[in-house]
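Reader: I'm new to reading protein structures, and I'd love to go through one with you. Could you show it to me so that I can ask about its parts?

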Amino acid sequence: MRLGKTVTALAVVLVGAVPLPAQDQVNLTVDATMDIYRAGGYNDGSNGIAPVVFSFPARAWRTMTFPSVGGAWTCSSTVPQYGPDGTSLSTGCLPPSGNIMNATGTFSGYDSTDFTGAMVGMFLEDALPPAAPAALRFYNSDSSQGGIPTDFKNLNPLIGQVFFIGDGLTGTGLGSIQVFDVPLTATHLYLGYVDSCNGGPVPGCYSGNPGSLNVSVRLQYWVPDWVEPTLSSAPSARALEGIAYDAATGSTVLFGGGNARWPGGVVYGDTWIWRRGWSQLSPASSPSARSFVGMAYDPSTGTAVLFGGQDANGVVFGDTWTWDGVTWTQQFPPTSPPARSGTGAMVYNPATDTVVLFGGLGTSTGGYGAPVFGDTWEWNGKTKTWTQDFPASSPSPRVAPVAYDPITKTVVLFSGDNGAGDCCNVYYDDTWTWDGVTWTQQFPATSPSARAAHSMAYDASLGQVVMFGGFSVPGQGLNDTWAWSGKTWTRLKATQPTGLWATPMDFDPLSGGLFFFGGQLTGDIVTNNTWLLTPVPVP
C-alpha cells in the first residue's frame, strides 16, 4: 500500500496525536441525477442535483474502500439500466468514449475509453481547489489510448480529481476490494454520476436519469509504525554510515559505516543500494573506508554528495565525493569546510539549490572528545564549490541531524550534543530552522527530550519531518518517534524498534515510508536490521 503523497501547506491532524477509531463506515444512496460536478456547492449550470457527500476530519494516512455497491441506474428512461461499473454500449446519452475531458470549474475532466455510466467520486477540502488537476482516463480492455485499467488494486486521486469507482471491486461483481488513498487534506468524499447532453463537453441532461445505487463506504485509519521486512541478504552490521535516496536511479545508496563510533573499530568502504532489497555494488572508484560521514542527494546534478567522515584510527577527512548511480567521483573544490566527522547535518535546500552542512566534529584531542563546529556551509553541485555562510544567528556548535521541510521551506535542526565525549557531553533540546539566510530558534509548545545521535528526515507520506531515537545517556538508546508540524513536535505512537541510535534516515518513495539501516542498540550492540516507517491499520 502506498498512501497519498500529495501535500499542501494546510494544517492537518497527525495520526497518532489523538485517539482514532479503526474505521468509519456509512451507507449512502447515490442517485443517477447526482452531478459530480456540483460537488462542494459548485454550480456548473447543469440540471443535476448535488452529489451525496461523506465528511470526515483531515488526517494523514487514510484509505477508502467500497465493500458493497448495489443497484442499477441509467442515463435515460429509454435506455436499459446497468450496474455501478457502467456499460460498454453506446447509450445515446454518452458514447462509450469521450465523456467530459475538459475541466469544469476547478474540477478535473473525466474520460473512459470503452465504457460509460460508472459511479465516480471526488475528494475535496472544505474550500474548492484553486485549479483543476489533470483528467484521468480509465478503460476496461481497450488500452490503445492509455490510461488506468478499471481492475486497479490501488488508486491515489488528487483533490478535485474525478475518479472511477464502479462497484469497488477489481472485476464486475467479483475480485478484490479496491483501495483508494485519501488525500492528506481531504475532508469530503462526493459520489455521483457523469452525464452530458448528446455526448457534449459539459455536464448536463441529468434530470431524467432513473435509478440509484446503495453504497457502503468505509474509511480506514492507519498509523505509522516501524516494520522490519524479511530479507535474504543485507550489509554487515554497522552504524554511522551514509544514506541518501537517489531519485535518478530510484534507489537508496548506502556507503561505509563502522561497528563503533570511537577509534579502533572496524570501518567499511563498501557501497550498497536498497530497492526493496539490498544489492552490493562494485564501483570503479570509491572513497576510502570511513564512518560518521555526511551524505545528501543533490537533485540539481542528479548525484549524491558525501563529505568527511572518520577512519578506524580516528583520522577525520575533508574530502568531497559524488555518486552518479554508477561510481564515485572525488571533487576538488577550491575551498572546503575543515575536515570533520559527524556531518549528518547535510540536506538539500531547494530554495537555494544547494546542499547545506552544519556543524560536526574535528580531529579527536584524546579520549572521546573532539573540537566541535558550529559553522554553516553550502555545496553548489553545478559549480562544484563550497561556500561558507555567516548567518546573523546560529545554533551553538554541535553534532546534530537536519531535514528539509518543504511545507515551511526551511531546514530543521533538533537537539544534538557538544561532542565532548561520554564523560562530558552536553545534550541540547532546542529546535532551529534555516531559511537560506539565517538560523532562527523555534519555541514549540511540545518537544522531544534532549539527545544525540538521533535520526531525522522528511516523510512525504505524513507531510512532516520525523525524528527517531538517539540517546541521552551513553549506551542507553531511545525509541521514541516524533513529527514536526512546522510549529510544534508531536509524538507518534510507533512501538518499534527498541532503543537505537547512530543510524541516518531518509524517505524511500518505493517503500512509501522512511527508511534506515543498522545503528547501535542499548549495550552498544551494532545491528544490520532494516526498518521502514510504514502504515499499519488501526486495530
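Author: Gladly! Keep in mind that this is a predicted model. A good place to begin is strand 6, which pairs with strand 7 (residues 148-149) in the parallel sense over two bridges.

Reader: In strand 7, which residue is the bridge partner of Y139?

Author: We are looking at the parallel pair made by strand 6 and strand 7. Y139 has its bridge partner in strand 7, and that partner is P149.

Reader: Which residue stands opposite S112 in strand 6?

Author: Strand 6 also pairs with strand 4 (residues 110-112), in the parallel sense and over three bridges. S112 belongs to that range of strand 4. Its opposite number in strand 6 is F138.

Reader: How many residues does the largest nonpolar core have?

Author: A general idea helps first: in soluble globular proteins, nonpolar side chains tend to be buried together. Here, the residues with the most contacts inside the largest core are M64, F66, Y110, F138 and L191. You have just met F138 as the residue facing S112. The size of this core is 53 residues.

Reader: Which strand gives the most to this core?

Author: Several strands each supply at least two residues, including strand 1 (23-31), strand 3 (62-73), strand 6 (136-139) and strand 13 (188-192). The top contribution is six residues. It comes from strand 14.

Reader: Which residues does L191 touch, leaving out those up to four places away in sequence?

Author: L191 is listed with M64, F66, Y110 and F138 as having the most contacts inside the core. Among the residues that L191 touches are L28, V30, M34, I36 and P51. The rest of its contacts are V52, F66, V120, G121, I165, V215 and V217.

Reader: How many residues are in the other core, the one that lies apart?

Author: This other core includes A457, Y458, L500 and F507. It lies apart from the core that we just discussed. Its count is 30 residues.

Reader: In the open sheet of four strands, which ones are the edge strands?

Author: The order in this sheet is 31-32-35-36, with antiparallel pairing. From one strand to the next, the twist averages 25°. An edge strand here pairs on one side only, and that picks out strand 31 (455-459) and strand 36 (489-491).

Reader: What is the bridge partner of W484 in strand 36?

Author: Strand 35 (residues 481-484) pairs with strand 36 in the antiparallel sense, over three bridges. W484 falls within the range of strand 35. Its partner in strand 36 is W489.

Reader: How many salt bridges does the count come to?

Author: Side chains of opposite charge can pair when their charged atoms come close. One of these pairs is R238 with D270, at 2.7 Å from N to O. The full count is eight.

Reader: Why does the pair of R238 and D270 tie together parts that are apart in sequence, and how many residues apart are they?

Author: R238 lies in the loop between strand 14 (211-227) and strand 15 (242-246), whereas D270 lies in the loop between strand 16 (251-255) and strand 17 (271-274). Because the two residues sit in those separate loops, the pair ties together parts whose separation in sequence is 32 residues.

Reader: Is R238 buried or exposed?

Author: The cut-off for buried is under 20% relative accessible area. D270 is at 14%, so D270 counts as buried. R238 has 0% relative accessibility, so R238 counts as buried.

Reader: How far apart are the closest N and O atoms of R290 and D319?

Author: R290 is buried with a relative accessible area of 1%, and D319 is buried with 16%. The two form a salt bridge. Their closest N and O atoms are apart by 2.7 Å.

Reader: Is K382 buried or exposed?

Author: K382 forms a salt bridge with D353, with the closest N and O atoms 3.1 Å apart. D353 has 22% relative accessibility and counts as partly exposed. Since exposed means over 50%, K382 at 58% counts as exposed.

Reader: Which handedness does the link of C197 and C205 have?

Author: The count comes to one disulfide, and it joins C197 to C205 with an S to S distance of 1.9 Å. C197 is partly exposed at 36%, and C205 is partly exposed at 37%. With 110° about the S-S bond, the link is right-handed.

Terms used: Residues are numbered from 1 along each chain as its sequence is written. This is a predicted model: local features need pLDDT of at least 70, side-chain atom pairs count only at pLDDT 80 or more; totals for chains, interfaces and linings use all residues. Side-chain values use heavy atoms; hydrogens and water are left out. A salt bridge is a side-chain nitrogen of Lys or Arg within 4 Å of a carboxyl oxygen of Asp or Glu. Buried means under 20% relative accessible area, exposed over 50%, partly exposed in between (1.4 Å probe, protein chains only). A disulfide is a pair of cysteine sulfur atoms within 2.5 Å. A nonpolar core is a set of buried Ala, Val, Leu, Ile, Met, Phe, Trp, Tyr and Cys residues joined through side-chain atoms within 4.5 Å. Contact means heavy atoms within 4.5 Å. Two strands pair if DSSP finds at least two bridges between them. Axes are lines fitted to C-alpha atoms, for helices over the stretch in contact, and angles run from 0 to 180 degrees between N-to-C directions.
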